[in-house]
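Got the viewer open? Let's take a walk around the charged side chains, one selection at a time.

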Amino acid sequence: MTNAPLNAASLRGAVDLSSLVRQHNSPSPAPAASGDAAASAPGDKRAPSGYATNANDASFSQVLELSNTVPVIVEFFGQGIEPSLEPTIAQYKGRFALVTVDATSNPQLVQAFQVQEVPTVAAVIGGRPVQLFSGIMPENDLKEVLEQVLQLAAENKVTGTLPAADEAAEGEASEPVEEPLPPLHQEAFDAISAGDFATAIDAYKSAIAQNPRDQQAIAGLAQVSLLARLEGHTADSVRSTAAQAPTDVEAQLAVADLDVSGGHLGDAFDRLLELFPSADAAGKSAIRTRLLDFFEIAGAEDPRVADARRRLTLLLY
């Protein structure tokens with residue numbers, strides 16, 4: 001990544017991470033601590049010693065939610081490189097949140113942010129990532145980049161300020177109590193926290209059997225099924241197989257999964273809709289089913305979903 005000037009256009013063109021971890025529709029576990037920093041949940045406004053916490057593939061939905069309040073700086077570390085931005089972020093007194101991600105154990109986020117080396121630093125503003133830089137940057141240059149991020153955030157009306165840890169503690173009594181998840185949703189939450197996608201899938205299926213209109217369970221099932229299909233595969237192998245078999249439905253479904261996991265919904269939709277006319281009956285059915293899952297992951301409000309749904313309807317009839 002390069003330290004390029006930021007502007008509103010660059011944000012509008014960024015990848016939409018909400019398709020990777022859809023806010024409110026997939027439970028997120030509390031992240032584990034890294035280094036000396038005691039971790040709080042990514043969406044928790046209380047952060048240790050200066051608005052810093054960590055996140056992983058399963059918990060990133062809370063980071064997206066937080067990025068609607070303040071710009072979030074995402075610092076990827078690993079391979080002997082420890083996070084280092086917290087002292088600088090703390091100087092901004094809550095105008096940023098800092099989230100650290102271990103690049104060695106979070107392949108979905110590495111793919112989504114196109115991380116090639118550590119450290120790599122990006123921002124998330126209003127649910128959309130903006131690439132910043134890779135490598136170690138002098139503090140003066142880093143502050144210039146952060147000022148550009150603040151300007152871009154202001155242009156996109158993300159101008160909140162997080163309370164300091166002691167202020168948040170004083171206000172805890174007035175915080176609304178979050179309603180507990182339904183039992184089967186909680187079971188899925190716990191299973192995802194443990195990386196047990198099969199159990200989470202069973203829990204969501206049971207919830208849907210009890211209430212076929214449970215949209216959160218339907219979307220959660222689509223998302224965790226995507227994660228389960230990608231487990232154990234590498235991006236290079238998936239793309240290589242798809243390139244060698246451009247008419248193979250299963251290979252193209254796999255690379256479409258990869259595209260959706262990285263936020264490239266348009267690419268996934270185009271790939272499958274272009275393949276649909278040449279597929280046999282079984283292939284058409286598989287493509288249709290996968291597209292419907294993708295629509296649930298992205299949400300009906302995404303304009304790409306409306307366009308792809310229209311195209312699919314034309315192909316079906």
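Start by selecting R271: at 28% relative accessibility, this arginine of the predicted model counts as partly exposed. Now add D259, its salt-bridge partner, with the closest N and O atoms 3.8 Å apart. The pair links distant parts of the chain, since R271 sits in helix 13 (residues 265-275) and D259 in helix 12 (residues 249-261), twelve residues apart. Is D259 buried or exposed? D259 is buried, because its relative accessible area is 3%, which is under the 20% cut-off.

Next, jump to helix 15 (residues 303-316) and pick R311 and D307. Their side chains meet in a salt bridge at 4.0 Å, N to O. The two are four residues apart, so about one helical turn separates them. R311 is partly exposed at 24%, and D307 is partly exposed too, at 33%. Keep both selected and add D270 and R310: salt bridges with shared partners join these four into one network.

Now for helix 6 (residues 139-155), where K143 and E139 also lie four residues apart, about one turn of the helix. Their salt bridge spans 3.7 Å, N to O. K143 is partly exposed at 27% relative accessibility, and E139 is partly exposed at 37%. How many salt bridges does the structure hold? Nine.

Last stop: select E187, D190, D196 and D202, which form a negative surface patch. Zoom in on D196, in the loop between helix 8 (183-193) and helix 9 (197-210). D196 counts as partly exposed, because its relative accessibility is 32%.

Notes
Residues numbered from 1 in each chain as written. Predicted model: local features only at pLDDT ≥ 70, side-chain atom pairs only at ≥ 80, totals over all residues. Heavy atoms only, no water. Patch = residues over 30% accessible without salt bridge, like charges linked within 9 Å, V, L, I, M, F, W, Y side chains within 5 Å. Areas by Shrake-Rupley, 256 points an atom, 1.4 Å probe, with all protein chains shown as cover. Lys, Arg positive; Asp, Glu negative; His and termini not counted. Charge placed at Lys NZ, Arg CZ, Asp CG, Glu CD. Buried < 20%, exposed > 50% of the residue type's maximum accessible area, 1.4 Å probe, protein only.
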